[in-house]
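Visitor: Could you take me through the side-chain contacts that hold this chain together? Start with a single spot, look at it closely, and then work outwards from there.

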Amino acid sequence: MNRRKLILAAAAAPAAASMPRAFAQAAYPSKNINYIIPFVAGGESDVVARWQQELFQRKFAPHTMIVINRAGAGGGLAWSTLNRETPDGHVVMGANMPHLVLQPLEPDTPYKTDDITCVYFFHFTPDAIVVPASSPYKTLKDLIDDAKRNPEKVSFAGSGSNGANQAATKRLEAMAGIKVTYVPFKGTGDLVGSLLGGHVSAAMSYNTLGMQQREKTRMLAVATEKRDAKYPEVPTFRELNFNWVDGGYRGVAVPKSTPEAVRRQVSDLFAQLNRDPDMRKRKAAAGFELVDIAYEQMGAFVKERTAAYQDDARRLGLIK
């Protein structure tokens, strides 16, 4: 099932945890919401959370949304603690795919995919290879040719380990027949200085990084189905003979003990923020592709994504 069809699909939701009916049906939100982002400030997850925070304040004052950055282990530090939070809908956490499928396959990861109760996904960012404007690589072919001549000498910065960026780097290695060095950072916001300073050869990131740093960087390729009018000079991987349309999904999750009714309330709240016309314009201008994957669709979405990431998991050595 492709991504657009999946967004329209519906599936049975997971069983609800028990909690008094009156509590589950209480007015929502009834107080401030703590919004935990598993990455450092300045990355895609954090930037959009700040936009959501601004909109929430306008819609639900006097309540506010408090963004809390809890970075570490490529998001795993925060996700491993999610189920200790209060399950009343007033503590939510950023959720990222494929991280939530790939990371738990690593031995000793302190959480499993099923431990994370995702309730809404609001956007998608296509994979992109980004280099500094001063880079000698003018095209993806330039980079690949250098990597073939100098195995492991070309380095790629990325956000975290066993997530979208490392999986994409392994995919490039397999498709292009090269070997590079992947350098993990705590988040996209953390790697920009190293990229612009020339401490790494490139970043395996997203189109949004290339757009945010447009004057200082160059995108060599982007994993979209066709060229984007916002950066028409950038070829797609498919144009370059790589069958590659993929990227990262972002949304929100709640503790597993959160009642079914409250899960739906959180999903509906973030859907309301995502549908706001100004929010949609702001995201589109920054390169985010909007999706609307609500709680009712989550079972099908996670199942489809889990199946889709199996090749990535093999390339990362997480499964045989």
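**A bridge and its surroundings**

Guide: Let's start with arginine 282 and glutamate 54, which make a salt bridge whose closest N and O atoms are 3.0 Å apart. The two partners are 228 residues apart, with arginine 282 in helix H11 (residues 277–286) and glutamate 54 in helix H3 (residues 44–60), so the bridge links distant parts of the chain. A salt bridge here means a side-chain nitrogen of Lys or Arg within 4 Å of a carboxyl oxygen of Asp or Glu. Helices (H or I, at least four residues) and strands (E, at least two) are DSSP runs, numbered from the N terminus.

Before going further, keep in mind that this is a predicted model: local features need pLDDT of at least 70, side-chain atom pairs count only at pLDDT 80 or more, and totals for chains, interfaces and linings use all residues. Residues are numbered from 1 along each chain as its sequence is written, and side-chain values use heavy atoms, with hydrogens and water left out.

Back to our pair. Arginine 282 is partly exposed, at a relative accessible area of 37%, and glutamate 54 is also partly exposed, at 37%. On this scale buried means under 20% relative accessible area, exposed means over 50%, and partly exposed is in between (1.4 Å probe, protein chains only).

Now the two helices that carry these residues. H3 and H11 pack at an angle of about 165°, with their axes 11 Å apart. That makes H3 roughly antiparallel to H11. For the cut-offs, angles under 35 degrees count as roughly parallel, over 145 as roughly antiparallel, 65 to 115 as roughly perpendicular and the rest as oblique. The axes are lines fitted to C-alpha atoms, for helices over the stretch in contact, and angles run from 0 to 180 degrees between N-to-C directions.

Just past H3 there's something for your backbone checklist: a cis peptide bond joins alanine 61 and proline 62, with omega about 15°. Proline 62 sits in the loop between H3 and strand E2 (65–69).

The bridge we began with has company, as the structure holds 20 salt bridges. One of them is within a single helix: lysine 170 pairs with glutamate 173, the closest N and O atoms being 3.5 Å apart. Both lie in helix H7 (residues 164–176), three residues apart, or about one turn of the helix. Lysine 170 counts as partly exposed at 21% relative accessibility, whereas glutamate 173 counts as buried at 10%.

H7 also reaches out along the sequence. The side chains of arginine 171 and aspartate 312 meet in a salt bridge (3.0 Å, N to O). Arginine 171 lies in H7 and aspartate 312 in helix H13 (residues 310–315), so this pair ties together parts that are 141 residues apart in sequence. Both arginine 171 and aspartate 312 are buried. Through shared partners, salt bridges join Arg171, Asp246, Glu304, Arg305, Asp312 and Arg315 into one network.

Rings do some of the linking too. Rings of Phe, Tyr and Trp (its six-membered ring) pair if their centres lie within 6.5 Å; planes under 30 degrees apart count as stacked, over 60 as edge-to-face and the rest as tilted. By this rule the count comes to 11 aromatic pairs. Among them is a tilted pair of phenylalanine 121 and phenylalanine 301, at 4.9 Å centre to centre and with 45° between the planes. Phenylalanine 121 is in strand E4 (residues 117–132) and phenylalanine 301 in helix H12 (residues 298–308), so the pair connects parts that are 180 residues apart in sequence. Phenylalanine 121 is buried, at 0% relative accessible area, and phenylalanine 301 is buried at 0% as well.

Phenylalanine 122 has a ring partner of its own, forming a stacked pair with phenylalanine 270 at 6.4 Å centre to centre, with 20° between the planes. Here strand E4 holds phenylalanine 122 and helix H10 (residues 260–275) holds phenylalanine 270, so parts 148 residues apart in sequence are tied together. Both of these phenylalanines are buried. To round off the rings, pairs link Phe121, Phe124, Tyr249 and Phe301 into a cluster.
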